[in-house]
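Please read the sequence and look through the structure below. The paragraphs after it go through the chains and the contact between them.

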Amino acid sequence: MKFETLMLLLTLFAPIIGGFVYGVERIVKARMQSRVGPPLMQPFYDFFKLMDKRPLMVHSLHAVMGIMYFIACWFSLLVLFLGNDLLVAVFFHVIAVLALTIGAFSVRSPYSVIGAMRELMHMISYEPLMVLMVVGFYQVVGSFNLKDILNYDGIPLLQLPVVFMAFVLAIPMMLHKSPFDVAEAHQEIIGGPEIEYSGPFYEAVYTGKWIEYVYVFFFVFLFGGSHYWLGALLVLFVFLFVNALDNATARLDFRKMVKFSWFVLIPVSAFNIIFLALWR
Amino acid sequence: MGIFTKFRKKSPWILHYNTGGCNGCDIEILAALAPKYDIERFGMLNRGNPKQSDILLVTGPVTKRCRDVLRRLYLEMPEPKVVVAMGACAYGGGIFRDFYHVENGVDNIIPVDVWIPGCAPRVEAVIDGMVEAVKIWEKKSKEKEYMRNHSEELLEQLGARNDD
């Protein structure tokens, strides 16, 4: 009962937590470029400002799909946090990204359509890895249930080190960080799928991204098992690592992203899981 | 004037458009984004997207090729919005005044709220102009604005072009 209440509260406050994570990220990014950077509350100021803009939509399906992305993201987080199957949560996240993609395909702006195609490439790259990671958790813990993973006595990180490394390298694909940010590509296709959203509808997409931060970093947290301090340390390390990678590297072609995922990350993590299955 | 109006000044997002100037102003804008002046500490971001921007920062005399693009960018921005014209060219054409390819300044195409003087203006002048623009922006309402004189002019010009 206590676990469910805590998780429900976490889900309710997920946009706020994600907003703070994004604010910290902007400050960290600024400090890495020897700038002062915006205040910590900056994402919320942006949020309130976007509330005050005139609503302007291309057509209703496009706007609905933007809001759908936000709702489906939040719902996938709810499914994840309420102690259900991890696999189901992963598939709900697919629905969220698909909503964004359908919305982006439904307008005639070429940048939006190109962004949607690239977003599908992102999905092809990271979704198999997510599923493999969940399978790895099943190998270690013996259950897809979140509660069993959080009560597991051992450390999943020690049994799945390669899967963890592969997942850390896949996080830039999920959060659109620099080596693999072809879908967003701010200098090239100004924001990709989100280009045609404006005002309150852009706000939904913007907030959906904050929820994705919570979603992704919670999976990192799971690698600590029942050792919550280890999970927190891992989250901190991965956050700083992803930001350093974001600032230190240039954008790669989408072919290189898909090749890197399918020829390096997926086989290597599959080997980890096969080895684990044989060894047990 | 809603409850969110007072948060406006915390995050003005800029759309920068060069209408055929010499790039001197644009380099000053880049300097404003760089570590020394860092206008992101006021929450300003240079979005390349009219639909998510609040301040339209125009540089250059408006060449005839840029005229329709500039008008379209202005119309695509959702209200409340502010237009800032930067540099001597934007005010009446500067050294390009009365050339065959120039519309003699931004004011002939879209309504301008703030002028930034100089050729090219220093970054301090840019930040000062942005502060002025934010002050004007806080007083604007989010109701739809219609372009009065400018849209009639547009129709006349389109008609003239069809006759050619």
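In this predicted model, 80% of the contacts in chain B between residues at least 6 apart in sequence join residues at least 24 apart. Chain B has 164 residues, and 39% of them are buried. Its secondary structure consists of four helices and five strands, and along the sequence these follow the pattern β-α-β-β-α-β-β-α-α.

The start of that pattern can be followed strand by strand. Strand 1 of chain B covers residues 13–18 and pairs with strand 2 of chain B, residues 45–46, in the parallel sense over two bridges. Within this pairing, B:Ile14 has B:Asn46 as its bridge partner. Between strand 1 and strand 2 of chain B the chain passes through helix 1 of chain B, residues 24–33, and the resulting β-α-β crossover is right-handed.

Strand 1 of chain B also runs parallel to strand 3 of chain B, residues 55–59, and five bridges join the two. Here B:Ile14 stands opposite B:Ile55. B:Ile14 is thus a residue to look for in both pairings, with B:Asn46 in strand 2 of chain B and B:Ile55 in strand 3 of chain B. As a general point, the side chains of a regular strand alternate between the two faces of the sheet.

Chain A offers a case of helix packing. Two packed helices are described by the angle between their axes and the distance between the axes. Helix 6 of chain A, residues 110–141, and helix 12 of chain A, residues 254–279, pack at an angle of about 10 degrees, with their axes 10 Å apart. Angles under 35 degrees count as roughly parallel, so helix 6 of chain A is roughly parallel to helix 12 of chain A. Residues making the contact include A:Met121, A:Ile124, A:Leu129 and A:Leu132 from helix 6 of chain A, and A:Met257, A:Val258, A:Leu265 and A:Ile273 from helix 12 of chain A. Polar residues take part too, among them A:Ser125 and A:Gln139 of helix 6 of chain A and A:Asn272 of helix 12 of chain A. By class, this helix contact has 16 nonpolar, six polar and one charged residues.

The last step is the contact between the two chains. How many residues does each chain bring to it? Chain A gives 24 residues and chain B gives 20. On the side of chain A that touches chain B, the largest share comes from helix 3 of chain A, residues 42–51, with six residues. The residues on that side of chain A divide into ten nonpolar, seven polar and seven charged.

Note on methods
Residues are numbered from 1 along each chain as its sequence is written. Chains are lettered from A and ligands numbered from 1 in the order in which they are written. This is a predicted model: local features need pLDDT of at least 70, side-chain atom pairs count only at pLDDT 80 or more; totals for chains, interfaces and linings use all residues. Axes are lines fitted to C-alpha atoms, for helices over the stretch in contact, and angles run from 0 to 180 degrees between N-to-C directions. Angles under 35 degrees count as roughly parallel, over 145 as roughly antiparallel, 65 to 115 as roughly perpendicular and the rest as oblique. Two residues are in contact if their C-beta atoms, placed from the backbone, lie within 7 Å. Two strands pair if DSSP finds at least two bridges between them. A crossover is right-handed if, with the strands pointing away from the viewer, the path from the first strand over the helix to the second runs clockwise. A residue is buried if 20 or more other C-beta atoms lie within 10 Å of its own, exposed if 12 or fewer, and partly exposed in between; C-beta atoms are placed from the backbone.
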